[in-house]
Structure formats: structure tokens, C-alpha cells
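Notebook open, structure loaded. Today I want to look up the ring pairs and the nonpolar packing.

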Amino acid sequence: MSMKRRLFVIAALGTMLSALPQAPAQAANWLEKNFWLSGPRYSGKLPECDNTMALAEIASRFAGKEYRFWNSGLTIVNFDAVRETGNRSWNPDTIPRRFCSGRALLSDGVWRPVHYLIGEDFGMIGATWDVEWCVVGLDRNWANNPACRMMRP
């Protein structure tokens, strides 16, 4: 079959399909809206702020971001004065979050404030907890500005 003929057949099929009668959209019935939709069941069990895995994840992602996007060799060498600043600070029905703050020693020798949150179901496909973070003064794309305010309760 030639290319022109294939294109003609595809165009004709598209025209015929668009001419078919369209059924109006209907709202979900009572059963569809209420069957097994009991809402999320959060445990609220989150790692503490000084959890080694959470801090290692922050350090790893920080180094990767600085290297890949900002052509910088900055890394986090150490954390200090880590403390919780809030736990489930918002509506109790929202995703549980533990807000934390501390200081990070960077490879350039400067201590900078770091704010982060550990959220339940933030991980891959909602299977586990994960961490979101911001280092004050190095939020180069301003995703959490001003001064990492979006990472605090």
C-alpha cells in the first residue's frame, strides 16, 4: 500500500470516529464514590531528625545537585545542632511531616543553616519516607526562598 493511500485511510478513519455520537459524561454513582475509599492510613512513624540515613541522603543529593547543575564541588562534610522544629504541624489529616533544622559544614569550611523535612510516603511510589531539604544561601534556583522558608513549619 502506498504512503498516500495509508494517509488517506488514516484521515478517513479519524473523520468517521469524530462523527460518532458522544455519550454525555456521568457523575460517579454512590457505590463508586464510597466503596473502599476510606482515605489514607498514615502511621505517623517517621525517623528522628538525627537519623543517619536521612542526613546521608541530604549530603548525597546536595553533592549531586551542586555537581550536576551548578558545576560546583561543594559537599556537606558534617551536620551539627540538628533539632526538630515541628511534627505534624499542619492539619492532622495531611501527610505526616517532621520538620528539622541544623547546621551543615560545607567543604569550603563554612557552616550554613540547613532546613529539611522527613515525610511519610514521600519515597518511591509512596512506599516509604523520604527527605526534602534546603541549605540557606545555596538554594540557587530559589525553590524554597526566602531563606529556605518552605522547608520550615
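Below are my entries on aromatic rings first, then on the cores.

Entry, rings. I'm working from a predicted model here. I searched for aromatic pairs and got one. The partners are Phe 62 and Trp 133, arranged edge-to-face, with 6.0 Å between centres and 70° between planes. I counted that as edge-to-face because the angle is over 60 degrees. Next I checked where the two rings sit: Phe 62 is in helix α3 (residues 52-70) and Trp 133 is in strand β4 (residues 130-135), so the pair links parts 71 residues apart in sequence.

Entry, burial. Are these two buried or exposed? Phe 62 comes out buried at 0% relative accessible area. Trp 133 is at 15%, and since the cut-off for buried is under 20%, Trp 133 is buried too.

Entry, charge over a ring. I also noted Arg 103 over the face of Trp 111, 4.2 Å from the ring centre.

Entry, main core. The largest nonpolar core has 20 residues, and the members touching the most others are Ile 58, Phe 62, Ile 76, Phe 79, Tyr 116 and Val 135. So my ring-pair residue Phe 62 turns up again in this list. I then asked which elements feed the core: α3, β1 (76-87), β2 (97-106), β3 (111-119) and β4 each give at least two residues. The largest share is five residues, from α3.

Entry, second core. There's a separate core of six residues, including Phe 99, Leu 117, Cys 148 and Met 151.

Entry, Tyr 116. I skipped neighbours within four places in sequence and listed contacts; among them are Leu 55, Ile 58, Phe 99, Trp 133 and Met 151.

Key:
Residues are numbered from 1 along each chain as its sequence is written. This is a predicted model: local features need pLDDT of at least 70, side-chain atom pairs count only at pLDDT 80 or more; totals for chains, interfaces and linings use all residues. Side-chain values use heavy atoms; hydrogens and water are left out. Rings of Phe, Tyr and Trp (its six-membered ring) pair if their centres lie within 6.5 Å; planes under 30 degrees apart count as stacked, over 60 as edge-to-face and the rest as tilted. Helices (H or I, at least four residues) and strands (E, at least two) are DSSP runs, numbered from the N terminus. Buried means under 20% relative accessible area, exposed over 50%, partly exposed in between (1.4 Å probe, protein chains only). A charge sits over a ring if NZ of Lys or CZ of Arg is within 6 Å of the ring centre and within 35 degrees of the ring normal. A nonpolar core is a set of buried Ala, Val, Leu, Ile, Met, Phe, Trp, Tyr and Cys residues joined through side-chain atoms within 4.5 Å. Contact means heavy atoms within 4.5 Å.
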